[in-house]
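Got your viewer open? Let's take a walk through this structure together, one selection at a time.

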Amino acid sequence: MNRTLRIPALALAILGCAPFGAAHAQNDKGKAIYDKVCVACHSAGIAGAPKLGDAKAWEPRIKAGIDALYESALKGKAPAMPAKGGATDVPDADIKAAVDYMVAAAKDGASAPAAAAAAPAAQAAPAAPTTPRPAALSFNRLLKPASKRNPPPPEDGIHDPDNDGTHALQPPLQVFESLPRSNAGNRVDWVKALDNNLIAPRWDRTDPAAAPVVMDLNIVREVKGSMPDVVYPHKQHTAWLDCSNCHPQIFIPQKGANQISMAAILLGQKCGVCHGKVAFPVSECRICHSKKKNVMPVKNAQAN
Ligand code: HEC
Ligand code: HEC
Ligand code: HEC
Ligand code: HEC
């Protein structure tokens with residue numbers, strides 16, 4: 001099981017696009033990066049991000065010069081534009097290509113006879129992913145419930161329906177019947193299923209005797225504000241995952257050395273590399289935010 005829980009690296013997804021060559025292809029690259037990274041905010045205008053194709057919003061920014069826009073995209077711009085849109089693995093040149101793409105889209109929006117009407121159209125096109133990815137493997141940013149949960153393999157968009165072997169696979173719903181239930185994701189409590197020995201995932205594909213090194217170490221991350229603190233449990237993770245699945249690529253193995261925020265998680269980074277993709281989704285706040293704070297309720301109660 002562990003070996004199938006490979007970390008889906010954003011960089012790989014981007015490199016997976018067709019190779020690029022000429023000037024026109026440069027714009028394709030920009031579009032590809034936009035569709036993968038920038039679309040998260042620049043399509044709907046999250047946190048005041050100038051929308052793609054919205055000539056009015058882009059005009060004053062374009063006036064500042066392309067170098068200023070590159071600078072904002074590469075280094076970030078307060079308060080809500082993260083450096084490289086949060087995709088720090090993407091090379092500078094590709095981020096610049098995405099800026100070029102966004103600037104070109106804004107200029108297209110301006111030159112169109114009905115700029116206002118053109119903007120939504122320009123926006124709609126790039127929002128569609130260039131290569132259709134199976135829903136189950138892409139990050140569910142909007143926390144949408146799956147329209148059909150646990151479909152049989154020929155209908156899941158992952159397995160090849162034309163392959164006879166696909167039809168020989170047992171449908172997940174049949175198997176899941178006997179497992180403890182949860183309220184999210186594919187509705188199975190996988191941690192409990194493993195604890196109760198209801199499943200025995202093989203640790204190493206080639207060596208049936210290999211076993212995980214389970215490490216019981218909780219890390220508490222204090223959260224500012226009213227949300228309960230986050231308890232990150234090594235035990236439940238190392239039962240499935242190798243240390244190298246997280247260290248040092250996703251997390252430096254040192255308490256407090258990593259900057260983790262909900263924004264990053266919602267963009268599919270940090271805990272969001274897995275949660276919302278191959279582990280329970282981000283909608284289940286209380287599973288992570290599980291430690292009550294030492295609050296002073298009396299004062300609050302009076303104030304209310
Ligand atoms: C998490 C949300 C978010 C993501 C993801 C994001 N942006 Fe932005 N972006 C913003 C916001 C918010 C602003 C507006 C900043 C401001 O001017 O206050 C902005 C502004 C910009 C600007 C204008 C900067 C300026 O100086 O006026 C550029 C260029 C830009 N983004 C490029 C990109 C590119 C390229 C990507 C993808 C690689 C990207 N953004 C991804 C939120 C985002
Ligand atoms: C699912 C991801 C994940 C896996 C797998 C994982 N860790 Fe960690 N580890 C973390 C996180 C998150 C932290 C906390 C980092 C922080 O607070 O900034 C951490 C912290 C640590 C620390 C620092 C503890 C301290 O008190 O400073 C050590 C040591 C560590 N991990 C070792 C390991 C070892 C050994 C394994 C494999 C047996 C492992 N980790 C597997 C995510 C993981
Ligand atoms: C490399 C993948 C990966 C990363 C990164 C990761 N997790 Fe997990 N997490 C899992 C898997 C797999 C499980 C077990 C399956 C499940 O519960 O969906 C799990 C389970 C958990 C559980 C246990 C739930 C229970 O029922 O006991 C908690 C809590 C949790 N994760 C919190 C976090 C937090 C907080 C972070 C970030 C600091 C994080 N995880 C990062 C993969 C990951
Ligand atoms: C996979 C685990 C996980 C889940 C699920 C999760 N969070 Fe978080 N959350 C974290 C971590 C880790 C932090 C960073 C804590 C820190 O500062 O070190 C955090 C931080 C926060 C913060 C502090 C501000 C910030 O952005 O960093 C708020 C507020 C918050 N979460 C709200 C929520 C809400 C609301 C939900 C449910 C919709 C939720 N979280 C679900 C792991 C999680």
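Here is a tour of two ligand sites, followed by a few backbone oddities. Keep in mind as you click around that this is a predicted model.

**Stop 1: ligand 4**

Start by selecting ligand 4 and showing what surrounds it. There are 16 residues around this ligand, and Arg 221, Met 262, Cys 285, Cys 288 and His 289 come nearest. By class, the shell splits into ten nonpolar, three polar and three charged residues.

Now zoom in on the polar atoms. The side chain of Arg 221 has an N or O atom 2.6 Å from an oxygen atom of ligand 4. Met 262 takes part through its backbone, where an N or O atom sits 3.2 Å from an oxygen atom of the ligand. His 289 puts a polar side-chain atom 2.8 Å from a nitrogen atom of ligand 4. As for helices, α12 and α13 (285–288) are the elements that give two or more residues to this shell.

**Stop 2: the iron atom of ligand 4**

Stay here and click on the iron atom. Which protein atoms are its donors? They are SD of Met 262 and NE2 of His 289, lying 2.0 to 2.2 Å from the iron. Why is the arrangement octahedral? Six donor atoms surround the iron, and the angles they subtend run from 87 to 178 degrees, so the arrangement counts as octahedral.

Next, trace the chain between the two protein donors. Met 262 is in helix α12, while His 289 is in the loop between α13 and α14 (297–303), so this pair ties together parts that are 27 residues apart in sequence. Try a surface view too: Met 262 is partly exposed, at 38% relative accessible area, whereas His 289 is buried, at 11%.

**Stop 3: ligand 3**

Select ligand 3 and its surroundings. This ligand has 19 residues around it, and the closest are His 237, Cys 271, Cys 274, His 275 and Phe 280. Colour the shell by class and you'll find 15 nonpolar, three polar and one charged.

Two histidines are worth a label here. The side chain of His 237 has an N or O atom 2.7 Å from a nitrogen atom of ligand 3, and His 275 also has a side-chain N or O atom 2.7 Å from a nitrogen atom of the ligand. Phe 280 makes its contact from the backbone, with an N or O atom 2.9 Å from an oxygen atom of ligand 3. The elements giving two or more residues to this shell are β2 (230–233), α10 (234–238) and α13. Which of the elements gives the most? That's β2, with four residues.

**Stop 4: backbone oddities**

For the last stop, switch to a backbone view. Most residues other than glycine have a negative phi, and most peptide bonds are trans. The next three selections go against that.

- Pick Lys 84, in the loop between α4 (66–75) and α5 (92–111). Lys 84 isn't a glycine, yet its phi is positive, about 55 degrees. Buried or exposed? Lys 84 is buried, with a relative accessible area of 14%.
- Move on to Arg 187, in the loop between α8 (172–176) and α9 (190–195). Arg 187 also has a positive phi, about 65 degrees, without being a glycine. Arg 187 is partly exposed, at 23% relative accessible area.
- Finish at Pro 248, in the loop between α11 (243–246) and α12. The peptide bond leading from His 247 into Pro 248 is cis, with omega near 0 degrees.

Terms used: Residues numbered from 1 in each chain as written. Chains lettered and ligands numbered in written order. Predicted model: local features only at pLDDT ≥ 70, side-chain atom pairs only at ≥ 80, totals over all residues. Heavy atoms only, no water. Buried < 20%, exposed > 50% of the residue type's maximum accessible area, 1.4 Å probe, protein only. Near = heavy atom within 4 Å. Polar contact = N/O pair within 3.5 Å; in protein donor to acceptor, adjacent residues only side chain to side chain. Nonpolar A, V, L, I, M, F, W, Y, C, P; charged D, E, K, R; others polar. Donors = N, O, S within 2.8 Å, 3.2 Å for Na, K, Ca; no water. Tetrahedral: all angles 85-135°; square planar, octahedral: opposite > 155°, others 65-115°.
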